[in-house]
Amino acid sequence: MKKILLILTGALLFFSCTKKSEQELFISDLMNKMTLQEKIGQLVLFSSDWDVTGPTIKGNYEKDIREGKCGAIFNAFTADYTRKLQQVAVEKTRLGIPLIFGYDVIHGHRTIFPISLGESASWDLKAMEESARVAAIEASAEGIQWTFAPMVDIARDPRWGRVSEGAGEDTYLGCQIAKARVKGFQGDDLSKNNTILACAKHFAAYGAAQAGRDYNTVDISERVLRETYLPPFKACVDEGAATFMTSFNELDGVPSSGNKYLLKDILRDEWKFDGFVVTDYTSINEMVKHGISKDDYDAGKLAINSGVDMDMQGTIYYNYLEKMVKNNDVSEATIDNACRNILNLKYKLGLFEDPYRYCDAEREKKVVMCDEHIAKAREVAGKSIVLLKNAKSTLPVVDKTKRIAVIGALATSKEDMIGSWSAAGDGKKSVTLLEGLKKQYLQHRITYAKGCEVSGNDKSGFAKAIRTARNSDVIILTLGESKWMSGEAASRSNINLPGVQSDLLVELKKLHKPIVLVLMNGRPLAIEKEVSMSDAVLETWYLGTTAGDAIADVIFGKVNPSAKLPITFPRNLGQVPIFYNCKNTGRPFDKNNKYTSKYLDVDNTPLFPFGYGLSYSSFEYFNLKLSEYKMNEGGTIKASVSIKNTSKYDGTEIVQLYIQDLVGSVTRPLKELKAFKKVFIPKGETKHITFDISTDDLKFYRRDMTFGTEKGEFKVFIGTNSSNTLEAKFTLQ
Ligand code: GLC
C-alpha cells in the first residue's frame, strides 16, 4: 500500500510541477513574442461605461482593446457584452491575448445578499463562504472572472461610510471572514468557469482614516498596523487570494500606491504573495494631489517601481510607461514582472484555453437569481439580523389576531434594501418589509403609513401615521439611513438618525402601544433614546434581495435571531473611537474616583458592545473550566463551558472566547477575541463546549517588535458577548 501511495504522490508532484512548467513555458513563450507596448497594455485596466464607480477619465476602451493597449476591463457584464469585447481582444489583436473582466461583486452579483457588515453579524463562516460562492457563480456566468472583494479593512469609526463594506472592528473575526470570502469566490480551482479571482482590498489601513472621513490621512504606529490592520490581508494571502488592491490613503506619509514598504517588503518579501496588485480607481494620479509626486509621470514612476502591477482607470501606465523605459526610469524587467503576474492569472483562469468559457448566455439564464440562490440569500439574511432588545417578549408576533401598523419610508423602499456596492443587483426585484409581512400575515390586519422620509424636515405625514398606528395592536417602525448614506465617499459627521425620524417615534410612543423598531442602516447609529422608547429592536442593516421575507421570518418567529454585532454601537459620537479590545490605561474608569478616564456627560460603556445580540432563547453559561492552569511554550490547554437553553425556543448561540495578557513588555488589550463557536441548543437542553487554547493565541508584537509570547498570567473569558463572560486564569511558564 505504502509503495502505491509513494508512486501516486510522486506522480501528483510530477504532474503539478509539469503543469506549472507548462504554464511557465506558455507565458515565457508568449512574452517573448510581445512588444513592450503589448506588455504595457496588460498593465492597463479601464472601466466600461456600464457602471460608474469613480471619477470617469477614459471613454474609448474598445479602440484601446483593439490596439492591444488595454488588457483588462471592469464594470462590464452579461455574457453577450463581455463576449463582444472579448472577441475584439482575441480576434482583432495581433496576439489575441484575452481580456480579464473585473467588477465590484461585494455582496452578491444579481442575487443580492446582506451588506458585508450585516453578513459579518452572522459570525457564520460557512454561510459567508456560500454567499461568496453564489456571487461567483452568478458573476462568472455573466462574463466576470475577477471581483474587487473581499474588502477587509478593519474599521472602528462609524462616521466612515465604508464600515458597511467590511467585517467590523475586530481583527480575529475579520481574518476568519476574509478567508471564508476568498474561499467562496475562488473555490478550489480557478480554471473552473464558476470561480473568480478575489481581490483583498484596500491595502492597507484604509479604515483608520482620521475622523472617519473617507480618503483622509492614516497615521498609526507600526505596532497598530501590524497587530490590527494587516492580519486580515495576511489571512487573504494564506487563503490564496489572487490579487490585491491598493488603498487611496497615505500611510506614514506615503500613499499606498507608491508604498514599496507595503507592496514589496511586506506583501512580496515577507508574505510571498505571487498574484498581481491593482491600484484603486485613479489612485496613482492622486499621488500628485497627495503631494508625493510632482506630476503624472512622476507618480507612475513611483507606482511601478513600488510594486503596482496594474493601473485602474488612471491612464498613467497607458500614457507614460513606454517613455519611462526609454528614459531608464523603469526597467523593462519591471514591466515584464508586472505583465507576467497578470498573464499567470489569465492562464490559471483558463482564458488562453477558452477565452469565452465565461460568456455563456445559456448558463447565465440558468443560474442568475435561480430559486436556490434566492433561498440561500434569505437564509443568510435571517442569520444576519441582530435582536438588540425584546422587552416583555414583544417578539415574535405569534398571535395572528393582532392588527399591525407598519410605519416608515424604509418599509416600502425596494432600492434601499440592496444597500451600496450592489453590483448588477436590481433593487426593483427586492422584497420590502411591507411586502414580506403581507406574504406571511392576514393582509387586512396590516396597515401602512410612511410618516416621514428618511431625511428632510417634513412632518406632514405624522398625522396619518399616528391615525394608522392608533388603530393597531403593535407598531412596526422602520427607521435608519438611505443606502447612499453609507459606502464610499459617504462619511457622516454625526451618526444620529437622519431627518425627523426620531421625532416620529416620539409621537408614536405617546400612543402607548408596543413598538418594534426595525433599523435599516450601514453603520452603527447613536440611538440610545430611540432604543429606550422601543419595546423591541432589530438591527437589519440592508439585507438584500430577500430583505422583507427575512425580517418577516424573524418577526413571526419562523427564524430565531442569532446574530451578534461585529462592531460596537456607541451611546453617542463623542465616545468614538470606542471598541472592546481597548487598553486599560493608568487610570481606568472608577465611579468612586474623579481622576479616572471618563466623560462627564455620558456613561463609559457603549450602547451595545462588540459581540452583542439577543435571541428568542435565553442561554445560561456556567462551569467554565481549564484542563490545566499552567501552560508551557508550544503547549495547549482546553477551556470548557456549559450552556443551558433556559427558554421554550430552540436557538443558536455564538459562544465567544477572549484572552487577556495581564502584563507584557508593552501594554496589552483588556481582552481579544481568539475563538468562537456557533452552537445550536434545543430548548431546555445543555451543551458543553470546548475550545483549544494554544500559545499561538498568546503571540503579539513585543517591545522589540518581534512576534511571540511572553511568560506570565493570562485570563480566559467565555461568554455571550465581549462584556458578559465567565472568566478563569492560567499561567504561561
Ligand atoms: C472604488 C473603490 C473600490 C472599487 C473600485 C472599482 O473607488 O474604492 O473599492 O473596487 O473603485 O470600482
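**Exercise 1. Find which residues come nearest to the ligand, and describe the shell around it.**

Solution. Start with the shell: of the 14 residues around the ligand, those that come nearest are Thr53, Asp104, Lys201, His202 and Asp280. Here a residue is near a molecule if one of its heavy atoms lies within 4 Å of it. Before going on, keep in mind that this is a predicted model, where local features need pLDDT of at least 70, side-chain atom pairs count only at pLDDT 80 or more, and totals for chains, interfaces and linings use all residues. Residues are numbered from 1 along each chain as its sequence is written, and side-chain values use heavy atoms, with hydrogens and water left out.

Next, sort the shell by class: it has 7 nonpolar, 2 polar and 5 charged residues. In this scheme Ala, Val, Leu, Ile, Met, Phe, Trp, Tyr, Cys and Pro count as nonpolar, Asp, Glu, Lys and Arg as charged, and the others, Gly among them, as polar.

**Exercise 2. Which distances link side chains to oxygen atoms of the ligand, and how much of the ligand does the protein bury?**

Solution. Look for polar contacts, meaning pairs of N or O atoms within 3.5 Å.
- Asp280: an N or O atom of the side chain is 2.6 Å from a ligand oxygen.
- Arg162: a polar side-chain atom lies 2.8 Å from a ligand oxygen.
- Glu488: an N or O atom of the side chain is 3.1 Å from a ligand oxygen.

Now turn to burial: taken alone the ligand exposes 310 Å², and the protein buries 100% of that. Such areas come from the Shrake-Rupley method with a 1.4 Å probe. Finally, the space taken by the ligand is the largest cavity. A cavity is a set of points, on a 1 Å grid over the protein atoms alone, where a 1.4 Å probe fits but cannot get out.

**Exercise 3. Locate the cis peptide bonds at Lys201 and Phe203, then the positive phi of Thr282.**

Solution. Begin with Lys201 and His202, joined by a cis peptide bond with omega of about -5 degrees. His202 is in strand E5 (residues 199-203); strands are DSSP runs of E with at least two residues, helices are runs of H or I with at least four, and both are numbered from the N terminus. Then take Phe203 and Ala204, whose cis peptide bond has omega of about 5 degrees. Ala204 falls in the loop between E5 and helix H8 (222-229). Last, Thr282 has a positive phi of about 55 degrees although it is not a glycine, and sits in the loop between strand E9 (276-278) and helix H11 (286-290).

**Exercise 4. In what order do the strands of the parallel open sheet run, and which are its edge strands?**

Solution. Read off the order of the 5 strands: E4-E3-E2-E1-E10, with parallel pairing. Strands E4 (146-147) and E10 (311-312) are the edges, each pairing on one side only. Two strands pair if DSSP finds at least two bridges between them. To check one pair, take E1 (residues 44-47), which 2 bridges join to E10; Leu45 has Met312 as its bridge partner there.

**Exercise 5. Which strands does E19 pair with in the antiparallel sense?**

Solution. First, 6 bridges join strand E17 (residues 619-626) to E19 (residues 636-645), with Phe622 opposite Ser642. Then 9 bridges join E19 to strand E22 (residues 686-694), again antiparallel, and Lys644 has Thr686 as its bridge partner in E22.

How values were computed. Polar contact = N/O pair within 3.5 Å; in protein donor to acceptor, adjacent residues only side chain to side chain. 1 Å grid on protein atoms, 1.4 Å probe; cavity = no way out; pocket = protein on both sides within 12 Å on 5 of 7 lines; lining within 4 Å. Sits in = over half its atoms within 2 Å of the grid points.
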